[in-house]
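Here's a quick briefing to read with the model open beside you. It goes topic by topic, so feel free to jump around.

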Amino acid sequence: MRAIVLTGAIACAALPMGCRKPAGERPEVVVYTALDRGFSEPILAKFTERTGIVVRAKYDTEATKTVGLVTAIRSERGRPRCDVFWNNEIVNTLRLKSDGLLAPYKSPAAEAIPAAFRGPDGYWTGFAARARVILVNTHLVPRGSEPKSVHELSQPKWRGKAGMAKPLFGTTASHVACLFATLGAPRARQFMLGLKANGITIEASNKSCALMVAAGELAAGLTDTDDAIIEVEKGKPVKIVFADSGMPGSGVLVIPNTLALVKGGPAPEAGKQLIDYLLSPEVEAALAACPSRQIPLNPAVARPAELGVPKNMKMMPVDLAKAAAAFDSAGQFVKEHFLK
Amino acid sequence: MRQHAGQLTSGAQNARILANAATVRPSRRLRAFGRRPDELVCMNPSELEHPPDLDRRRPRAGAGRLAAALACAVAAIALAPLLWGLGVAFVVDGHVSLAHFREALAGAEQFRGLLWNTTRVSVGTAALAVMLGVPLGLALFRCQFPLRRVLLAVAVAAPLVPMPVVVGAWLSVLGIQGWATPALKPAFAAFGMHYDVHGLAGAVWVMGAAYAPLVALVVGSAALRVPRCLEDDARLDGSRFSVLRRVTLPHCLPALMAAAALVLALNTVELAVTDVLRVRTFSEVLYADFQLTGDAGRMAAMALPATLLLAAAFAAALACARSWWRGLLASSEGSTAGGARRSWLAFGVAAGVLALHPGVPVASLVVKLGSPATLVSAAASAWPELRTGLGVSVLAATLAVAAAFPLAASARGRRVVAVGVLTWLAVSLAAPAPLVGMGLTRLLNRPGLLGWIYDSPAVLALACFARFLPIAVLACIPAVNAISRDLEAAAELDGAGAWQRLVEIVAPLCWRGMATAWVLVFALSMGELGASVLVAPPGKATLAIRVFTFLHYGVDDALAAICLLLLASVAAPVLVLLCVVSWQRPR
């Protein structure tokens, strides 16, 4: 009998380690964030410091970037426990909206964000963007020979020398979905198969793709500006190319972080406060100043000069709703024909 | 029976003495006599006949059955997530259907590719682990050399190093930013090969080196039980190496098969290494595809055939090695040295293999750390995850031992129960961890008490409990089997019930087995990833999840510090247990 009591006492003593405090003692808000923990955690900590609202954050794993959190929100639809979804891209936010899992909220702080980067019905708001770029190794790629377009990566010149992250997760998956929406499925498939035939290396993530280019393992890699700029600022022999910037009918894909209120979340009011805070110029300035150099969408916040964003950079014209609708079929194609 | 002060006691008198001892509560007995139960046979019979401050309690009828029922209920709770995770393969929209299997078969080519990859990784890892582990085991358990006990302690702790830490440490050596990479690249190029730690070869190296100490412990403990007379006879006709080849190794073969099967099973369900090193295996694809689609049924349908095959192979190997398995921990007395002569060759083998794992990886993490200040700041930033991990692991280990001990006791002498436990163990070890996570999500994410558990760190403890309860049972069984039936029989004669015999006779004598089970489950829970990453509540991640998350960004000083923290929290209880067992060993 004493063994049972002792066992139960030990077990109960271990339970409070990290257990949730009773409701009512400290307000809480639950956020699922796909932005790298190193960048999002300090901002969330500042929010708690300012408002007293404890933030319980679920971070992403690189292995299943963004999609893992989306699947979690979907699987919890019967009993949502997330209040705010902080996505590091836009396509999957739109997929959640079309599943009916988001609630509309037009934040006062969103007024300053250009209309192109907010949902017209208030279901999502974009901020702090990144661009899809090609990072080239300047020791391996002579000046003037850099690829001008992502389509060049399927040419023989780049055979076995280029890389990209696995196009099933994160911004790479979104980029592929956008290509399916913009070029049409047949041309997009042809492009992807061209990359595969050209021996493109599939890396685990945008970060590892950037690392491989910086280490000279690859001559060029398709990645995001936040991963690319870190290698530039480390002094590695790399250069960021805003491919397709001046190409007719094309452009640089700019992917904003997006915020959305989850329908039925346990603390919607605290969620709205968090969204208001994250959309503030202060947060965009912090994200622009941090090592990832996110591109602020609020015109009042200065762009980080280090990125070298071209003054007249042309953005890719993409129907985001069409891209969200094409996400699943693009993913199926990637699994069956591209990654085999 | 033993003599005491020249008196010879009869068998019946001794039985009554033992029975009296069995009906007395341990604390009172200790106060009265200051002896262990098995030492009471040495006491003066007259003192035991009428102890002044002892009361005789009526044995509780039915308490033994209640304990067995509780233990079975607990086992069912542990099995439920896994059974759900596998059973959902047969359910489509609430109806029993084979549609998921048909869908999985439609991707037969993908399935074959995964099976081939998984087989290559698993067989390669098992082969390397055996190649390194057998010489290590023989050196540690059959030879004498300086620092043998220290190296043995390292070998015991090494298999418990969490895999995220192992792969992170090797990346700091062999990865893009690894210190050995600049030397290895030209060396590989000289042979016309391209150097890259990512891929099959890298995964086999990392996991093979990590599992070698495990193989060494299994094979070494079997080598201890080789009949000396056979070896002595063979020694007359040949050299030491021919004795090894003709007598020792053949006797260790069943244990070697069990070790290889265990490595195969652990390897097949491993997620962290294969994901980081980009090898597409069942476990990694199951995790990634479930995250991508949320389709638990199709994932379970894909995993079920491989799980059953592997479980059958593992169960068969365990059955072959059951004599070794039962003898584990049964006898910890006696010298483990094979002779009086020191063997520097054995020292070289042991030091060399253990330098591969954990030596080089851990040293690399320490070097990567840079300064102790990094460790302090990493500890401060990782404290919430460390606290959650420690709490979850303590809870899981305590619950597992509390459930494992009665289960192990109920399996004793009951073939049906033993076969059931073996089957459960095989299936649990062979099933990919994400299946348990999927099952827990579906079972617990509901309103009410279940939802409260799902939202709390208790769900992490449940995931570890479900995954590692079979290992706790496996650790308890040899200790329970080693208890002489005579002690219990004597207690039963005097009316002690099953519960009393279990708690007051068997349990105190099995403390080593139970402590080992606790430490094993604790260490494994600290490194658990496959199920935890799916069920971790917001704000309640463990240190293993944090390490896994950051591994993809490369190994910097902060990550090295967190890996060392995780390693220290796993190693500490292992070393404490080793010290206690060593101190308690009769000299």
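Which residue of chain B does A:Arg81 form a salt bridge with? The partner is B:Asp455, and the closest N and O atoms sit 3.1 Å apart. Keep in mind that this is a predicted model, with an ipTM of 0.83 and a pTM of 0.82.

**How confident is the prediction?**

- Chain A comes out with an average pLDDT of 88, and 91% of its residues score at least 70.
- There's a weak patch in chain A at residues 15–23, where pLDDT stays under 50. The model gives that patch 13 contacts beyond four places in sequence.
- Chain B averages 79, with 83% of its residues scoring at least 70.
- Two stretches of chain B to read with care are residues 1–12, with pLDDT below 50, and residues 51–61, also below 50.
- Beyond near neighbours in sequence, residues 1–12 of chain B have twelve contacts in the model, and residues 51–61 have 23.

**Where the chains meet**

- The contact draws 56 residues from chain B and 47 from chain A.
- About 4500 Å² of area is buried between chain B and chain A, and carbon and sulfur atoms give 56% of that.
- On the chain B side, B:Leu292, B:Pro538 and B:Tyr553 lose the most area to chain A, together making up 17% of what that side buries.
- On the polar side of things, there are five salt bridges between chain B and chain A, the A:Arg81 to B:Asp455 pair being one to look up in the viewer.
- Twelve residue pairs are in polar contact across the interface of chain B and chain A, with both partners at pLDDT 80 or more.
- Elements of chain B that give two or more residues to the side touching chain A include helix H2 (26–33), helix H14 (282–293), helix H21 (449–455) and helix H27 (543–551).
- Helix H18 (372–411) of chain B is also among those elements, and H18(B) gives the most to that side, with nine residues.

**Chain B in outline**

- The secondary structure of chain B amounts to 28 helices and two strands.
- Of its 587 residues, 55% are buried.
- Take the contacts in chain B with a separation of 6 or more: residues 24 or more positions apart account for 82% of them.

**B:Arg298, an arginine with partners in both chains**

- You'll find B:Arg298 in helix H15 (residues 296–320) of chain B.
- Is B:Arg298 buried or exposed? It counts as buried, because its relative accessibility is 12% and the cut-off for buried is under 20%.
- Not counting residues up to four places away in sequence, B:Arg298 touches B:His100, B:Glu103 and B:Asp289, plus A:Lys335 from the other chain.
- B:His100 is 198 residues away from B:Arg298 along the chain, yet their C-alpha atoms are separated by 4.9 Å.

**A:Ser107 and helix H3 in chain A**

- A:Ser107 lies in the loop between strand S4 (102–103) and strand S5 (125–137) of chain A.
- A:Ser107 is buried, with a relative accessible area of 1%.
- The side chain of A:Ser107 makes a polar contact with the side chain of A:Asp276 at 2.5 Å, and it reaches the backbone nitrogen of A:Ala109 at 3.1 Å.
- Setting aside neighbours within four places in sequence, A:Ser107 is in contact with A:Ile275, A:Asp276 and A:Leu279.
- Helix H3 (residues 67–75) of chain A is largely enclosed by the rest of the structure, because seven of its nine residues are buried.
- Among the buried residues of H3(A) are A:Val67, A:Leu69, A:Val70 and A:Ile73.

**Cysteines**

- How many disulfides does the structure hold over all chains? The count is zero.
- For B:Cys510, the closest cysteine sulfur is in B:Cys476 at 7.6 Å, so the two are too far apart for a bond.
- B:Cys510 also counts as buried, at 1% relative accessibility.
- The sulfur of B:Cys143 has its closest cysteine sulfur 12 Å away, in B:Cys252, which is likewise too far for a bond.

Technical notes:
Residues numbered from 1 in each chain as written. Chains lettered and ligands numbered in written order. Heavy atoms only, no water. pLDDT = per-residue confidence, 0-100. Contact = heavy atoms within 4.5 Å. Helix = DSSP H or I, 4+ residues; strand = E, 2+ residues; numbered from the N terminus. Buried < 20%, exposed > 50% of the residue type's maximum accessible area, 1.4 Å probe, protein only. Polar contact = N/O pair within 3.5 Å; in protein donor to acceptor, adjacent residues only side chain to side chain. Disulfide = S-S within 2.5 Å. Buried area = accessible area lost by both parts, 1.4 Å probe. Salt bridge = Lys/Arg side-chain N within 4 Å of Asp/Glu carboxyl O.
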